[in-house]
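Trainee: Can we go through this model together? I'd like to start with the internal space.
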Amino acid sequence: FGALFLTGANSLASAADLGGKTSDLTNEVRGGVLYHDLMHRESGVDINAEILLRWVAVDFTIPGLGTKGMLRPHFGGNLNLSGDTSMVYAGYSLTLDLTDWMFIEGSFGGMAHNGDTSKTTSNSLALGCNLMFRESASLGFRINERVNVSAMIEHSSNNGYCSSNNGLTNAGVRLGYAF
């Protein structure tokens, strides 16, 4: 526990000088709108909210390239406005600065949802388990040192651990604010 605390304290101390790059940020909140289920078995729009935490984050620079990056924990959720599958999720996000104003990001973790787990019709979404894996990819642009906008795609699946495994893929746009 002591080592974990010192790691978090060191990360917060190094974040005191807030520039515009990923490795200089403390925490970040994001919110946006996602098109729900790209395979069209469910409908509607999802409202997405997420927080990325600096605590226990890892900063690094890729040798030879000078590309800065950060691996940090995230927690979030999607609320489907049509009453279809909604979720909460957690995991780690890896953000890499391509330039001072452009970044890419990938994430991996788990999710829990309230959707159907077994097929009722051939057109319905059957996710198999209520607990699943979740991964996402984003391309983002910094508007200024605190605000960014990103295009994101996410996919959730049980990797064949349950009888049904349709998976769920959403895509959309999010606005982020670092603080």
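Trainee: How much space lies in the second largest cavity?
Mentor: About 30 Å³. Keep in mind that this is a predicted model.
Trainee: And how many cavities of 30 Å³ or more does the structure hold?
Mentor: Two.
Trainee: Back to the second largest one. Which residues line the second largest cavity?
Mentor: The lining is made by E50, S93, E105, S107, R134, S136 and R174. Strands β6 (102-113) and β7 (131-142) are the elements that give two or more residues to that lining.
Trainee: How does the lining of the second largest cavity split by class?
Mentor: Four residues are charged, three are polar and none is nonpolar.
Trainee: Switching to the outside. Which residues make the nonpolar surface patch?
Mentor: V33, V45, I47, L79 and L81 make a patch of about 420 Å².
Trainee: Take V45 from that group. Where is V45 placed?
Mentor: V45 is in strand β2, which covers residues 45-52.
Trainee: Why does V45 count as partly exposed?
Mentor: Because its relative accessibility is 32%, and partly exposed is the range between under 20% for buried and over 50% for exposed.
Trainee: Next, S163. Where does S163 lie?
Mentor: S163 sits in the loop that runs between β8 (147-157) and β9 (168-178).
Trainee: Is S163 buried or exposed?
Mentor: S163 counts as exposed, because its relative accessibility is 79% and the class starts over 50%.
Trainee: What separates the C-alpha atoms of S163 and L127?
Mentor: A distance of 8.8 Å, with the two residues 36 apart along the chain.

How values were computed
Residues are numbered from 1 along each chain as its sequence is written. This is a predicted model: local features need pLDDT of at least 70, side-chain atom pairs count only at pLDDT 80 or more; totals for chains, interfaces and linings use all residues. Side-chain values use heavy atoms; hydrogens and water are left out. On a 1 Å grid over the protein atoms alone, a cavity is a set of points where a 1.4 Å probe fits but cannot get out, and a pocket is an open set with protein on both sides within 12 Å along at least five of seven lines; lining residues have an atom within 4 Å of a point. Grid points are joined across faces, edges and corners, and a volume is the space filled by probe spheres set on the points. Helices (H or I, at least four residues) and strands (E, at least two) are DSSP runs, numbered from the N terminus. Ala, Val, Leu, Ile, Met, Phe, Trp, Tyr, Cys and Pro count as nonpolar, Asp, Glu, Lys and Arg as charged, and the others, Gly among them, as polar. Buried means under 20% relative accessible area, exposed over 50%, partly exposed in between (1.4 Å probe, protein chains only). Patches are made of residues with over 30% relative accessible area and no salt bridge: like charges are joined within 9 Å, nonpolar side chains (Val, Leu, Ile, Met, Phe, Trp, Tyr) within 5 Å. Accessible areas come from the Shrake-Rupley method with a 1.4 Å probe; for residues, only the protein chains shown count as cover. A salt bridge is a side-chain nitrogen of Lys or Arg within 4 Å of a carboxyl oxygen of Asp or Glu.
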